[in-house]
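Here are some notes to read alongside the model, written for someone opening it for the first time. Keep the viewer open and follow the numbered points.

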Amino acid sequence: MKKGISVLLTGILMISLTACRGDVSQEIPKRYEKLESYTATVSVTVTGNKGESVYRMQQSYRAPDSYRLEVLEPKNLAGTVTVMTGQTLWFQSGDTPAIPMERAGLEESTDFLFPVEFMNSYLAQNADQEITENADGIVRLKAPVLGNSRYRFSRSLEIDATSLLPKKMMTYDQDGNEVLRVEFLDFDFNAELDESVFSP
């Protein structure tokens, strides 16, 4: 009798998880196709030959192609700001004047730090076969990195199944080692952003 109940409960749990996964896999594209803007505080961990470097940053995004990244920590880099709008990139450090640069060739800097770029790539590749949900209600999307870099070979994005907000985004090398992690400490979906946010 106990064995029968256990089997029944296991079956119900599996059906529930499968149904939930199906709903979430449909809701995620709908939610992110409506993403017009956001702000987020993130912790970025870069892993290299000499160990890990951790940065705390503030991200701002406005569709279709405006990005702002400001370093909050470490203290010696605090106030370093990068603004990308269209094909123009502005870089400012401390009280120095903003320096304009051409964005061409620098697109991948947004690809690995901003979740909107991951989602655009993921949805364009129709990579829905790479979706899993764990017992904690975290959905993980996986997608290859376009191109042939052995240092940035694949990516994954973890999303809370209830709020549909991003939690972590990781980039892996060809051997499966994590080389970049972006942890979202807060995330304001479709935030109201003043025009000055994306001005140098």
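1. Pro64 sits in the loop between E2 and E3. The peptide bond that joins Ala63 to Pro64 is cis, with omega at about 5°. There's a second case further along: Glu73 and Pro74 are also linked by a cis peptide bond, with omega near 5°, and Pro74 belongs to the loop between E3 and E4. Both are worth a look, because most peptide bonds are trans.

2. Before going on, a word on trust. This is a predicted model, and the protein chain has an average pLDDT of 82, with 82% of the residues scoring at least 70. The weak part is residues 1–21, where pLDDT is below 50 and the model shows five contacts beyond near neighbours in sequence. Where confidence is low, the predicted coordinates should not be read in detail.

3. Now the overall layout. The protein chain has three helices and eleven strands, and from the N terminus on the order is α-β-β-β-β-β-β-α-α-β-β-β-β-β. Of the 200 residues, 37% are buried. About 11,700 Å² of the protein chain is exposed, and carbon and sulfur atoms supply 53% of that. If you count contacts between residues at least 6 apart in sequence, 42% of them join residues at least 24 apart.

4. Which strands does E1 pair with? One partner is E2 (residues 51–62), antiparallel over twelve bridges; the two make a hairpin with two residues between them. To find your place there, look for Val46, whose bridge partner in E2 is Ser53. The other is E11 (residues 178–189), again antiparallel, over nine bridges. Here Ala40 has Phe187 in E11 as its bridge partner. E1 itself (residues 37–48) is mostly covered, with nine of its twelve residues buried.

5. E9 is another strand with pairing partners. E8 (residues 138–144) pairs with E9 in the antiparallel sense over seven bridges, and Pro144 is opposite Ser154 in E9. E9 is also joined to E10 (residues 166–172) by six bridges, running antiparallel; Glu158 facing Lys168 in E10 is a handy landmark. Is E9 buried or exposed? Six of its seven residues (154–160) are buried, so the rest of the structure largely encloses it.

6. Have a look at the turn of the E9–E10 hairpin, which has five residues between the strands. Leu164 lies in this loop and has a positive phi of about 65° although it isn't a glycine. That's worth flagging because most residues other than glycine have a negative phi. Leu164 has a relative accessible area of 9%, so it counts as buried, the cut-off being under 20%.

7. Asn190 is another non-glycine residue with a positive phi, about 50°. You'll find Asn190 in the segment after E11. Its relative accessibility is 35%, so Asn190 counts as partly exposed.

8. Among the helices, H3 (residues 115–124) is one to check. Seven of its ten residues are buried, so H3 is largely enclosed by the rest of the structure. The buried ones are Pro115, Val116, Glu117, Phe118, Met119, Ser121 and Tyr122.

9. What does Thr80 touch? Setting aside neighbours within four places in sequence, Thr80 is in contact with Leu69, Glu70, Val71, Phe91, Gln92 and Ser93. Thr80 lies in the loop between E3 (66–73) and E4 (81–85). With a relative accessible area of 12%, Thr80 is buried, because that is under the 20% cut-off. If you want a distance to check, Thr80 and Thr96 are 16 residues apart in sequence and 9.8 Å apart from C-alpha to C-alpha.

10. Last, the surface. Phe91, one of the contacts of Thr80, joins Ile99 and Met101 in a nonpolar surface patch with about 250 Å² of accessible area together. Met101 belongs to strand E6 (residues 99–102). Met101 counts as partly exposed because its relative accessibility is 39%.

Technical notes. Residues are numbered from 1 along each chain as its sequence is written. This is a predicted model: local features need pLDDT of at least 70, side-chain atom pairs count only at pLDDT 80 or more; totals for chains, interfaces and linings use all residues. Side-chain values use heavy atoms; hydrogens and water are left out. pLDDT is the predictor's confidence in each residue, from 0 to 100. Contact means heavy atoms within 4.5 Å. Patches are made of residues with over 30% relative accessible area and no salt bridge: like charges are joined within 9 Å, nonpolar side chains (Val, Leu, Ile, Met, Phe, Trp, Tyr) within 5 Å. Accessible areas come from the Shrake-Rupley method with a 1.4 Å probe; for residues, only the protein chains shown count as cover. A salt bridge is a side-chain nitrogen of Lys or Arg within 4 Å of a carboxyl oxygen of Asp or Glu. Helices (H or I, at least four residues) and strands (E, at least two) are DSSP runs, numbered from the N terminus. Buried means under 20% relative accessible area, exposed over 50%, partly exposed in between (1.4 Å probe, protein chains only). Two strands pair if DSSP finds at least two bridges between them.
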